[in-house]
Amino acid sequence: LFFSVQSLLLRCCPSLDLQGVVSKHDGAMADGLSTLNWFPSTPKRINGQSWQAVAMDVGPDLMLENVQFEELRDKAQRRGPVGLELTGDYDNSFVAAFEKECNRVGAVYLGHLKQHLHTLERLLHSTQSAAGGALSQACEQQARGDVITYALNEVIQKVLCLDTFFMLNKDSLQSLYAEHLRCVPGAGPLDWAVPARGLLEPRGSSLHGTVVLNASKLCRIAQGQSTGDKWVPPDVFERSCTKHYVPLHRLFRLKLFLCRVVPVLQYKQSLLRDDDTLISCYYDSPSLECYKARLSRCDGAQLLRVRWYGTLTEDSKVFVEMKTHRTKSSGEQSSKERFPVPSARLDAFMAGGWAPDTWFRATATSQSQLDKWMTMAGNVQALIRQHSLRPYVLTVYRRTAFQDWRSNA
């Protein structure tokens, strides 16, 4: 299968850099499986899989990089080489060894992740170059898409194995430090958090976002779609919302799955990762009328906020948004309407001291859009005066949107 795919790939995409993209996994698992005793206190199954199956998923090379469990456990339990009780300097010895292992595992994780990211970037560059060639026949385009998908899945599988490696070692290190604290008089349950922080930092690396974004682009290329088209957001959104809880340690895996089903919506072509910072300022009355109505989910409950993306400058645009909640019994969809305002004029507009008519005429792309903006702006200023609305809550977070750029559904 490997050689047949390789020949097909080179035939369809001569400029495609194949080295390191499609690979075979061989070698005995004996060395990897022999390290399973590094976490003996862990349940025999993880996410429905046996530890042996997990070890097979991770692979022998990564299994050899696991935490030095036995040595650290002896230090955590304050034992010497012959099991004698030790104190004082030996406690400091454990902390130093623990931090060293945190740094080592984190470096292994980030090093492998950078390699996989580099492979994705080379694959993306090669496929974009090949897209400009003479692939006129539909069968050749289909074959090229199949090969890209195969190569992409190979890389993603390696990234998932790396993620499993990280989670196993993180749990192991947390267990070791908890064991250490049980032997330290007066230690509290939160004392482990500070030393473990160095291990948790790689999970928030921006490399994850770049991996997801590049994987999404490759999926679009494999499906024959363009990756350089710009998404144009509408002024009115009609939607229903269902929220699902996702554990943070599962978020990266979920994104890797979703980007192969629905592409990442890259609403800024300059973004180098899958998410961007959203800042929202919510307005309310002194008696919190908007908040209470929304909390009660009253039909017609409205919410006023100002939203912007990324770093705010004097030349930036912000969006004034009005969300209206509709119940199922009303037969109508909840909606969000918005219009842009220059950030330098926002305070004056919200205070009723600036009329955006001239700016709207210079910015709107159609008469219908201009009419909508004018109507919404008048309604917002009237609502602010009627209820004495003022800024109450500021939220800041990062968001990844999965949506086809050709549709606002």
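This is a short tour of the structure, stop by stop, with a selection to make at each one.

**The whole chain**

Begin with the entire protein chain in cartoon view, keeping in mind that the model is a predicted one. The protein chain carries 14 helices and eight strands, and 44% of its 409 residues count as buried. If you switch on contacts between residues at least 6 apart in sequence, 73% of them join residues at least 24 apart. With a surface drawn over the protein chain, the accessible area comes to about 22300 Å², and 53% of that area belongs to carbon and sulfur atoms.

**The aromatic rings**

Next, show the aromatic side chains, among which the structure holds six aromatic pairs. Select F339 and F349, whose ring centres lie 5.7 Å apart with the planes at 80°, so this pair is edge-to-face. The pair links distant parts of the chain, since F339 belongs to strand β7 (residues 335-342) and F349 to helix α12 (residues 346-350), ten residues apart. Are these two rings buried or exposed? F339 is buried, at a relative accessible area of 1%, and F349 is likewise buried, at 0%.

Now add W359 and F360, where the ring centres are 6.0 Å apart and the planes meet at 55°; because an edge-to-face pair needs planes over 60 degrees apart, this pair is instead tilted. F360 also counts as buried, with a relative accessibility of 0%. To finish this stop, add W373 to the selection, and you will have on screen a cluster in which ring pairs link F339, F349, W359, F360 and W373.

**Two cysteines**

Move on to C290 and C298, and colour them by accessibility. C290 counts as buried at 16% relative accessibility, because the limit for that class is under 20%, whereas C298, with a relative accessible area of 37%, is partly exposed. How many disulfides does a search of the whole structure find? The search finds zero, so no pair of cysteine sulfur atoms lies within 2.5 Å.

**A nonpolar patch on the surface**

For the last stop, bring the surface back and select V246, L248 and L251, which together make a nonpolar surface patch of about 260 Å². One of these residues, L251, lies in helix α10, which covers residues 251-258. L251 has a relative accessible area of 33% and is therefore partly exposed, a value that is over the 30% required of residues in a patch.

Terms used
Residues numbered from 1 in each chain as written. Predicted model: local features only at pLDDT ≥ 70, side-chain atom pairs only at ≥ 80, totals over all residues. Heavy atoms only, no water. Patch = residues over 30% accessible without salt bridge, like charges linked within 9 Å, V, L, I, M, F, W, Y side chains within 5 Å. Areas by Shrake-Rupley, 256 points an atom, 1.4 Å probe, with all protein chains shown as cover. Salt bridge = Lys/Arg side-chain N within 4 Å of Asp/Glu carboxyl O. Helix = DSSP H or I, 4+ residues; strand = E, 2+ residues; numbered from the N terminus. Buried < 20%, exposed > 50% of the residue type's maximum accessible area, 1.4 Å probe, protein only. Contact = heavy atoms within 4.5 Å. Phe/Tyr/Trp six-rings, centres within 6.5 Å; stacked < 30°, edge-to-face > 60°.
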